[in-house]
Amino acid sequence: MTEKANPGIDIGWICNQCKAALEIQKIRLQYSRVIFALDLPACPRCGMILIEEGLATGKMAEAEQVLEDK
Amino acid sequence: MDDVVEKAHLNETESLCPVCLRRIKATRMLRGDDVFLVKECGDHGSFSTVIWRGEPSMAEWRRPKAPVHPDLCYGAVEKGCPFDCGLCEAHVQLPCSVLIEVTDRCNLNCAVCFADSGRREAEDPSLENISRLLERAMAAAGPCNLQLSGGEPTLRDDLPDVVEVARRIGYSFIQVNTNGLRLAADKDYGRRLRAAGLSSVFLQFDGVDDAIYRSLRGRALLDQKLQAVMNCGETGLGVVLVPTLVKGLNTGSIGAIVRQALQLAPTVRGIHFQPVSFFGRFPGHTGDEGRFTLPELMRRLEEQTGGLVKASDFSPPGCEHAHCSFHATYMHSAKGGLRLIGAADGDSCCSDDLGTKGVRRTVETVSRRWILPSAAPVSNRLPISKKTSCCGGSSPDATRVEGPLDLDVFLQEVATRTFTISAMAFQDADNLDLERLRGCCISVISPDGMLVPFCAYNLTSREGKGLYRRRNGVGPQ
């Protein structure tokens, strides 16, 4: 689920498929039973979300490890 | 409804005759919403014991595991399960926890005691003997979590030395199962245990009402329990509260125990409920009337906490057999918010193949959740004062929190604010299911150096004859 956080602000990324400028949107990411709310770049047309490597291998990986259950 | 129509045959397993302990066939039988283990011994007749009452149903409570067999087996397959434990190569799970009884002495004389401790004059096993047993357990089971048990382990003045020995051998998560009396009275003893490398305290904690302790443990103990938690917090030891649940005695206190535990967080890391089993020493066997099954406990948790925790929060285990336990993990914020962060239902998150991965994951998860993290601010480590901690307290009342969560806040709080609620249903001669036993991941290292699944080690016939304890001699060698 997404909604616009700061529409119209150019963050320097273009959607390869739609050629539209990505904008920061409020994104909900679910892992297991926890839903995280994050502001992330997303394409306003197709909804594709950009998760940069630092976030994926940093905080998101850390959260995933914590949530891995026995 | 016709009785014949009402009954549904679920599936076959094996059990023992509760009188002569002979292995016999058994059937899991559905009657209405309840499941019974039905079996018949040629000499002693037929037996029926309730093993599961109501929702979530036993049929949906599943988490299949790929069988894994111990590489090093101290028991040879000769007589068949459960008479060859060592473990033997027919076992289908590896241990995630090893338990060693470091004394048979006890300073209480509880109505309930799976080890039937404190009745005999027995010498404690020597440090050298304990070292030998722990090395033998390590060789076969690997770096499991270690439980120091008894008797009452804290009666040993040299328990810190036992912890040091275990650390040297390679055990990295070491917990002590205790009634807490010495930890309450002797703060320095706790410090010495912590300094030696003790990780966590499994504290017998049956309720927040002294009438419960008088009935179950022989005297009022609540003040000492709370003092023990306070001393552990100051020492940096995490505590898990372990209530033994006896139907009609403290099964109405489940919600109060949860509220109390949350008041004592983060020192108290969680609660591990243990419905009473009929082995060792127990108050009169009341048959099915006295049985308190896991689904009943899940529902009581929801009812008695007013929905603070929900029955649907709980998942079957990834390590032991699904019918043996349940668990849920929460994040408990300093403001009192309780948020479920546990795994999704077993079927959806864990395909069908945990195998050794399940055991190692359990070892790591339990270590992480039940240790009091050093990152916890000192002020947070201290439980509230004894005066205010019982039946209320000064911390905000816990309220359930749901909905989206900020990732940064989650990462900041989760290291110190996790709280687990779990339960384990031990098996006795009446409800023993050998399929569950073969999937057991908690082994006792016996005085003669065999790894024996916990329930097999403690199992006694209706006349009190032990399956393993007596064979090995009573009490530690």
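**Notes on the predicted two-chain model**

1. Let's start where the chains meet. About 2,100 Å² is buried between chain A and chain B, with carbon and sulfur atoms giving 56% of that area. The contact draws on 19 residues from chain A and 29 residues from chain B. Please keep in mind as you read that this is a predicted model.

2. Now the polar side of the interface. One salt bridge is found across the interface of chain A and chain B. Its partners are A:Lys59 and B:Asp408, whose closest N and O atoms are 2.5 Å apart. Five residue pairs are in polar contact across this interface, both residues of each pair being at pLDDT 80 or more.

3. Which elements of chain A supply at least two residues each of the side that touches chain B? They are strand E3 (34-42) and helix H2 (59-67). H2(A) gives the largest share, seven residues. By residue type, the side of chain A that touches chain B divides into 10 nonpolar, two polar and seven charged residues.

4. There is strand pairing between the chains too. E3(A) pairs with strand E15 (residues 405-406) of chain B in the parallel sense, over two bridges. If you would like a residue to look for in the viewer, try A:Phe36, which stands opposite B:Leu405 in E15(B).

5. A word on chain A by itself. Chain A has two helices and three strands, and along the sequence they follow the pattern β-β-β-α-α. Of its 70 residues, 33% count as buried. Among the chain A contacts with a separation of 6 or more, 25% are between residues 24 or more positions apart.

6. Chain B has 16 helices and 18 strands. Buried residues make up 61% of its 477 residues. For the chain B contacts with a separation of 6 or more, residues 24 or more positions apart account for 73%.

7. Helix H8 (residues 254-263) of chain B deserves a look. Eight of its 10 residues are buried, so the helix is largely enclosed by the rest of the structure. The buried residues of H8(B) include B:Ile254, B:Ile257, B:Val258 and B:Leu262, along with B:Gln260 and B:Gln263.

8. On to salt bridges, of which there are 22 over all chains. In one of them, the side chains of B:Arg28 and B:Glu435 meet at 3.2 Å, N to O. B:Arg28 lies in strand E2 of chain B and B:Glu435 in helix H15 (residues 434-438) of chain B, so this pair ties together parts that are 407 residues apart in sequence. B:Arg28 counts as buried at 2% relative accessibility, whereas B:Glu435 is partly exposed, with a relative accessible area of 35%.

9. Two further pairs in chain B are worth a visit. B:Asp124 and B:Arg105 form a salt bridge at 2.6 Å, N to O. Both of these residues lie in the loop between E5 and helix H2 (127-141) of chain B, and the pair ties together parts that are 19 residues apart in sequence. B:Asp124 counts as partly exposed at 22% relative accessibility, and B:Arg105 is partly exposed with a relative accessible area of 33%. The side chains of B:Asp206 and B:Arg217 also meet in a salt bridge (2.6 Å, N to O). B:Asp206 is in the loop between strand E8 (200-204) and helix H6 (210-217) of chain B, while B:Arg217 is in helix H6, 11 residues apart. Both B:Asp206 and B:Arg217 are buried.

10. Salt bridges also join up into a network, which links B:Lys310, B:Asp313, B:Arg400 and B:Glu402.

11. Some backbone details to check by eye. A cis peptide bond joins B:Glu55 and B:Pro56, with omega about -5°. The peptide bond from B:Gly86 to B:Leu87 is cis as well, with omega near 0°. B:Pro56 is found in the loop between strand E4 (45-53) and strand E5 (97-101) of chain B, and B:Leu87 is placed in the loop between E4 and E5.

12. Finally, positive phi values outside glycine. Phi of A:Lys19 is near 60°, and phi of B:Leu21 is near 60°. Is each one buried or exposed? A:Lys19 is exposed, with a relative accessible area of 57%, in the loop between strand E1 (2-4) and strand E2 (23-31) of chain A. B:Leu21 is buried, with a relative accessible area of 5%, in the loop between strand E1 (7-16) and strand E2 (23-31) of chain B.

How values were computed: Residues numbered from 1 in each chain as written. Chains lettered and ligands numbered in written order. Heavy atoms only, no water. Contact = heavy atoms within 4.5 Å. Buried area = accessible area lost by both parts, 1.4 Å probe. Salt bridge = Lys/Arg side-chain N within 4 Å of Asp/Glu carboxyl O. Polar contact = N/O pair within 3.5 Å; in protein donor to acceptor, adjacent residues only side chain to side chain. Helix = DSSP H or I, 4+ residues; strand = E, 2+ residues; numbered from the N terminus. Nonpolar A, V, L, I, M, F, W, Y, C, P; charged D, E, K, R; others polar. Pairing = 2+ DSSP bridges. Buried < 20%, exposed > 50% of the residue type's maximum accessible area, 1.4 Å probe, protein only.
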